[in-house]
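Student: Could we go through this structure together, one question at a time? I would like to see how each answer is reached.

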Amino acid sequence: MRLISLKNHKLLTSTAESHYDRLLKSPANNHSRIKQIHSSLVTSGLLQISPHLTAQIIINYSKLGHPRSARSLFDELVSNSSKPGSFLWNTMIRAYTNNGQWSDALALYSLMRRSGVWPNNYTYPFVLKACGHDPSAGIWSGKTVHGELIRNGLESDLYVEAALVIWYAKCGELNDGRKVFDGMTSRDLVCWTTMITAYEQAELPRESLMMFGFMQQQQGILADSVTVVSVASAVGQLGNVKSARSVHAHALCCGILEDVCGGNAIVAMYGKCGDVESARMAFDRMEERDIISWNAVLSGFVQNGQAREAFSLFELMKESGCRPNPLTALIMLSACSFLGSCQLGMKIQGFLVDNKITVDLTLRNALIDMYAKCGDLETAMGMFNDIGVRERDVTSWNVMIAALGTHGRGKEALDLYLRMQEEGVRPNHITFVSVLSACSHAGLIDEGKNCFADMQRFSVKQEVKHYACMVDMLGRAGLLNEAFDLVRTMPSPPNDGVWGALLLACRVQGNSELGEVAANNLFLLEPEHPGYYVLMSNVYAASRKWHEVGNLRTEMKSRGLMKPAAVSMIEYRGEIVGFQTADWLNPFRHEAYKKLEGIAVEMKSRGYFPDRSCVLHDVEEEDKDHILNYHSEKLAVAFGIIKSEAGSTITVMKNLRICCDCHSAFKLISDIYRRRIVVRDGNRFHHFEAGSCSCNDYW
DNA sequence: GTAGGGTTAG
């Protein structure tokens, strides 16, 4: 009799267990439903006898983002001295890692060890993942874990090994990761993807693509969407359109584009490779789009200088019902910066408010940056001052220092640099780029040298980009030899930025011998970059070496390189109007040309002579005047004068540097026509007013 | 009875 009842009891229990198991696995569960099930399991006493159901509750809490509820249940078990086995510890550690609570996961693991519970092959993948993500966990933590799992004889478990590979890669020990990978007896798709991703994240795209090719050809393993996402990202780093197409083709045959993540990766890849048309096509063909898809295609357009197209896409995005997020706002603000349009920037700012998108510090910093880049330094400064001194982060200071620097207000930039230190904010590598280039723009050589020396005091590494700032600063100040010495003695090999700065200085200083040295290095490093050929031919032209100019032109032609066209943009009635020389499609060209003729007459009557030295063609002097008079920036300014009143400000954005004749002309024009003229060129801002320029002719 | 690899941005 007693035997039967016990049997019945067991039967009942197992029926109840499977009933609850089914309930707990329902996809429709929410937090309150799980709490209900949890409490009825406690009252029925089932929870205490079923580790399986306990695990299910923990997993559910974790999935719903409530690892704390899971932990209190877990703690109860421990205090009831029911001694949960490794299985439940693993489940709880997993709950933490799945919610990104890396340090909690590691703390629990350490408690597990102290409680004398033995970790197993299921434990280590979670623990290693947490080691790789938790910034407070040093390299030793993972190495300790590695040693420990070897002692436990788990070093040849597929899952543990894959976790080790990704952990080594995360902390920069890629070679050790590769050793683990090479030592594996079998590798599945996930292991290969791990290694491919490891190379991609270490910014070694070639190695990543090699592994991808090897996996497919030698091992015959088919990629899935996760693999393709990593490979697409590697191709994006490489920026090679051909590879992009082959990855795209691969994604097409595997049906990976039906996956939103896969599609997003392809769109982003094309954007980074500079092929916006393909990015747009891949985007249009996606079956399903999320906010990441929109951000990817938008930033592709902005990064490739198609900011206007980005704005029409942004309108489409809103119509489609996809709600922009703070990242979308950042992308659109950089589009405003590119166009130099404060009006569009204000629209984006209004959009944020209307849609209750929280304007956090990151966005406030981005707004400051946008206003400064659109020429409205006063608004930028006002916003910077509105952020409480305690609230400002290092980016706030960096953005404002860079803004003052590009507007030529070097002393104020240096002042902010000192103030940030007084406020206890530590300058970082970006601060020094901003402050050094601020010194460079303002010709503050001694101050710049002091800042460069400060870097060691703040233990900020002097990187190649900082050397480029120094070379620019010294070279443009006429200290070409000192600049060249720095190039020769710098600790790492100079890159195109450094040689480019030197070449530019040679043009300003008219030194064609040193210019050749810089240019030859540039032609080796960046043979397909048209800007450097143009710059060197400018150096030759300034010394009237027309033969050499001709040779460079032939070289460019044979490589199929084109000199980028100069475009100047100005805002008119909320639209951006672009001016180019010989642009027959511009509806405003007639009035602009006509006005320019009038301006030329007016200037001549004031005794102005065109500065022919900056026309770099071998042509007759009178033709030079003609070329000079119709530069894109002059057309834009003439148009600005027609459409504005005396006493107002005209703002023009140019993609290339302003020429010296336009610079002298604008000083006079600002006086004759009583306009403030703000010109943003490829390098900095010039504020012309009452006959002089804010740069004091140092540029 | 439990596991592993990931996308946008700067």
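Student: Among contacts in chain A between residues at least 6 apart in sequence, what percentage join residues at least 24 apart?

Tutor: Keep in mind throughout that this is a predicted model. Chain A has 37 helices and six strands, and its C-alpha atoms fill a box of roughly 125 × 55 × 50 Å along the principal axes. Once we consider the contacts between residues at least 6 apart in sequence, the share that joins residues at least 24 apart is 62%.

Student: How much of chain A is buried?

Tutor: The accessible surface of chain A comes to about 34,000 Å², and carbon and sulfur atoms hold 53% of that area. Burial is counted by residue instead, with a residue called buried when its relative accessible area is under 20%. Of the 699 residues in chain A, the buried ones make up 47%.

Student: Which helix supplies the largest share of the surface near DNA strand B?

Tutor: Several helices each give at least two residues to the surface near DNA strand B, among them α4 (51-63), α6 (86-98), α12 (189-201) and α18 (291-303). By class, that surface has 15 nonpolar, twelve polar and seven charged residues. The largest share, seven residues, comes from α12.

Student: Of the 34 residues around DNA strand B, which come nearest?

Tutor: Here we ask which of the 34 residues around DNA strand B approach it most closely, and five are named. On the side of the DNA, sugar and phosphate account for 38% of the atoms of strand B that come within 4 Å of the protein. The five nearest residues are Pro51, Phe87, Arg94, Thr193 and Cys261.

Student: Which side chain has an N or O atom 2.8 Å from a phosphate oxygen of DNA strand B?

Tutor: It helps to sort the side chains by the part of the DNA that they face. Asparagine 90 has a side-chain N or O atom 3.4 Å from a base oxygen of strand B, while for aspartate 224 such an atom is 3.0 Å from a base nitrogen. The side chain that lies 2.8 Å from a phosphate oxygen is that of serine 299.

Student: Why do β2 and β6 each have one side without a neighbour in the sheet?

Tutor: The six strands form an open sheet with mixed pairing, in the order β2-β1-β3-β4-β5-β6. β2 (575-579) and β6 (692-693) stand at its edges, so one side of each is left without a neighbour, and the reason is that each has a single partner strand.

Student: How many bridges join β3 and β4?

Tutor: Let us work along the sheet from β1 (residues 568-572), which runs antiparallel to β2 and is joined to it by five bridges, with serine 568 partnered by phenylalanine 579. β1 is also antiparallel to β3 (residues 649-654), through three bridges, and there methionine 569 stands opposite methionine 653. β3 and β4 (residues 676-680) pair in the parallel sense instead, with arginine 676 as the bridge partner of threonine 649. The number of bridges between β3 and β4 is five.

Student: Is lysine 667 buried or exposed?

Tutor: Lysine 667 sits in helix α37 (residues 660-672). Leaving aside its neighbours within four places in sequence, lysine 667 is in contact with Phe688, Gly691, Ser692, Cys693 and Asp697. Because its relative accessible area is 17%, lysine 667 counts as buried.

Methods:
Residues are numbered from 1 along each chain as its sequence is written. Chains are lettered from A and ligands numbered from 1 in the order in which they are written. This is a predicted model: local features need pLDDT of at least 70, side-chain atom pairs count only at pLDDT 80 or more; totals for chains, interfaces and linings use all residues. Side-chain values use heavy atoms; hydrogens and water are left out. A residue is near a molecule or strand if one of its heavy atoms lies within 4 Å of it. A polar contact is a pair of N or O atoms within 3.5 Å; within protein, one must be able to donate a hydrogen and the other to accept it, and residues adjacent in sequence count only if both atoms are side-chain atoms. Helices (H or I, at least four residues) and strands (E, at least two) are DSSP runs, numbered from the N terminus. Ala, Val, Leu, Ile, Met, Phe, Trp, Tyr, Cys and Pro count as nonpolar, Asp, Glu, Lys and Arg as charged, and the others, Gly among them, as polar. Buried means under 20% relative accessible area, exposed over 50%, partly exposed in between (1.4 Å probe, protein chains only). Contact means heavy atoms within 4.5 Å. Accessible areas come from the Shrake-Rupley method with a 1.4 Å probe; for residues, only the protein chains shown count as cover. Two strands pair if DSSP finds at least two bridges between them.
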